[in-house]
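Visitor: I should like to take a close look at a single part of this model and then follow its connections outward. Please keep the account formal and tied to the atoms.

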Amino acid sequence: MAKLIVSDVDVKDKKVLMRVDFNVPIKDGVVGDTNRIVGAIPTIKYVSEHGGKVILLSHLGRIKSDEDKKALSLKPVAAKLQELSGMPVKFVPVNEGKELEDAINELKDGDILLMENTRFQDIDNDFGKRESKNDPKLGEYWASLGDVFINDAFGTAHRSHASNVGISTAMKAAGKPVAAGFLMEKEIKFLGNAVDNPVHPFVTILGGAKVSDKIGVIENLIPKSDHILIGGGMAYTFLAAQGHKIGKSLFEADKVELAKDLLQKAGDKIVLPVDHIVAKEFSNDAEATTTDGVDIPDDEMALDIGPKTVKLFQDTLKGAKTVVWNGPMGAFEMSKFAEGTLEVGRAMGNLTDAITIVGGGDSTAAAKSLGIADKLTHISTGGGASLEYLEGKVLPGIDSISNK
Ligand SMILES: Nc1ncnc2c1ncn2[C@@H]1O[C@H](COP(=O)(O)OP(=O)(O)OP(=O)(O)O)[C@@H](O)[C@H]1O
Ligand SMILES: O=C(O)[C@H](O)COP(=O)(O)O
Ligand SMILES: [Mg+2]
């Protein structure tokens, strides 16, 4: 069923609430990768140029303390959006209340406003989790601020939060239009194609650090994939499940049984690291050494896949016609541990007439910083969202958008 798209909606003179995914890698107020900001610009520009008043909502990071609020304000993202789009962006340092309402009422046709991080509602000692638990009152409040809602946050579509699902529900209840943005439309078209008519051999590459978030996705990717390469922080729970020594590597003890079950179900489809680059601590200053085999010394942690594993993954990728990659093969932000991500990304980029898709905030940042992004077919702005979409799940953020 085709979704209503922003170009189907009259936005002139309207207050247009727009959910984007500006959950970008950020350190000391410096945006590490702008893929998600650049991806949102076409829809923002379209609404602005058609006389809409653009009111942007996004989350950034996960808020566990008041301390986090300093590091995870969207203020620097507003400046980066203005720089990249060439359009003035007004940042409002709150996400509810009079200051925000006054700022919205002062908007003129074509103006753009970004409110503060929607998860600043989520400090545990402050009403619990209103955004990420989809408090209906919060969705209703945000919906009351606008005449139209555009969801362009594909990266957040696997979440059922107040700022994507709750607001949609409230807008529809009030008879106000809810449509997809152009980025959302493109991701659905592209990833949907990879899912509905996958061209084999289909290889999934999984890495990164969100083991508990993503390990479950593997189950549904087993029937679709011919091979599942597991590297990065994802790998060690599986290696432990096979009885190997993993030292101080990233490890989710409560997922070992699931890993055993997945290994059994996947047969030889799952390909795990056979050697590692290890260090005594998570630091680029630490001495990095290469293990002979799969076992990791007790006082070391694996921070990248080793050369034998790179070769194994490269050989498995040969001839692939569809490759989907989420999660770096190592702690690539540190140069000593970037080789695995670089070499696997290069192997993807060197494939001929294959559909190669990378998804994930850090994965797309890695692909770009390592200079392989332009060799890939599609840079998805979704991380977990692209994985869940590929496994055929209904994503609440998409499901909540009105159909044509
Ligand atoms: N072996 C490892 N040990 C510890 N951390 C690792 C290891 N390999 C990769 N990482 C970390 O994984 C993180 C990225 O994982 P993550 O799952 O967030 O990927 P992503 O592409 O950003 O996906 P998403 O968009 O879903 O967050 C990086 O910060 C990297 O340092
Ligand atoms: O980076 C992502 O996967 C999305 O922005 C969702 O972020 P979350 O995992 O913190 O909900
Ligand atoms: Mg990430």
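Which residue in β6 is the bridge partner of Ile 55?

Guide: The model is a predicted one, and what follows should be read on that footing. The bridge partner of Ile 55 in β6 is Leu 113. This pairing belongs to a set of three bridges that join β4 to β6, and the two strands run parallel. β4 spans residues 53-57 and β6 spans residues 112-115.

β4 also pairs with β1, again in the parallel sense, over five bridges. In that pairing, Met 18 has Leu 56 of β4 as its bridge partner. β4 thus has pairings with β1 and with β6.

The burial of β4 can be described face by face. Five of its five residues are buried, and the strand is mostly covered. On one side lie Lys 53, Ile 55 and Leu 57, and on the other lie Val 54 and Leu 56; both faces are covered. Ile 55, with its partner in β6, and Leu 56, with its partner in β1, therefore count as buried under the 20% limit on relative accessible area.

β4 is also part of the surroundings of a helix. α5 covers residues 136-143, and its buried residues are Leu 138, Gly 139, Tyr 141, Trp 142 and Ala 143. The elements that cover these residues include β1 (15-19), β4, α4 (98-105), β6 and α6 (162-173). Both pairing partners named above, β1 and β6, are thus among the elements that cover the buried residues of α5. An α-helix has 3.6 residues a turn, so residues three or four places apart point the same way. At the N-terminal end of α5, Asp 135 acts as a cap, with a side-chain oxygen 2.9 Å from the backbone nitrogen of Lys 137.

From β1 the chain may be followed into a loop. Asp 21 is found between β1 and β2 (26-27). Asp 21 counts as buried because its relative accessibility is 6%, where the limit is under 20%. Its side chain makes a polar contact of 2.9 Å with the side chain of Thr 156 and another, of 3.5 Å, with that of Arg 36. Leaving aside residues up to four places away in sequence, Asp 21 touches Arg 36, Ser 58, His 59, Ala 153, Gly 155 and Thr 156.

Asp 21 leads to ligand 2, since it is one of the residues that surround this ligand, together with Asn 23, Arg 36, His 59, Arg 62, Arg 119, Gly 155, His 158, Arg 159 and Lys 210. By class, this shell holds six charged and four polar residues and no nonpolar ones. Individual polar distances may be given for three side chains. An N or O atom in the side chain of Arg 119 is 2.8 Å from an oxygen atom of ligand 2. For His 59, the distance from a side-chain N or O atom to a ligand oxygen is 3.1 Å. A polar side-chain atom of Arg 159 lies 2.7 Å from an oxygen atom of ligand 2. Taken alone, ligand 2 exposes 310 Å², of which the protein buries 94%.

Lys 210 belongs to the shell of ligand 2 and is also listed with Glu 333, Gly 361, Asp 362 and Ser 363 as closest to ligand 1. The shell around ligand 1 comprises 23 residues, which divide into seven nonpolar, 11 polar and five charged. A polar side-chain atom of Glu 333 lies 2.6 Å from an oxygen atom of ligand 1. The backbone contributes as well: an N or O atom of Ala 302 lies 3.2 Å from a ligand nitrogen, and one of Ala 331 lies 3.5 Å from a nitrogen of ligand 1. Taken alone, ligand 1 exposes 640 Å², and the protein buries 89% of that.

Two elements, β14 (301-305) and α13 (361-369), each supply at least two residues of the shell around ligand 1. The largest share, three residues, comes from α13. β14 belongs to an open sheet of three strands in the order β13-β12-β14, with antiparallel pairing. β13 (289-290) and β14 stand at the edges with a single partner strand each, so one side of each has no neighbour in the sheet. The pairing of β14 with β12 (276-279) extends over four antiparallel bridges, in which Ile 277 has Asp 304 of β14 as its bridge partner.

Definitions and conventions: Residues numbered from 1 in each chain as written. Chains lettered and ligands numbered in written order. Predicted model: local features only at pLDDT ≥ 70, side-chain atom pairs only at ≥ 80, totals over all residues. Heavy atoms only, no water. Buried < 20%, exposed > 50% of the residue type's maximum accessible area, 1.4 Å probe, protein only. Contact = heavy atoms within 4.5 Å. Polar contact = N/O pair within 3.5 Å; in protein donor to acceptor, adjacent residues only side chain to side chain. Near = heavy atom within 4 Å. Areas by Shrake-Rupley, 256 points an atom, 1.4 Å probe, with all protein chains shown as cover. Nonpolar A, V, L, I, M, F, W, Y, C, P; charged D, E, K, R; others polar. Pairing = 2+ DSSP bridges.
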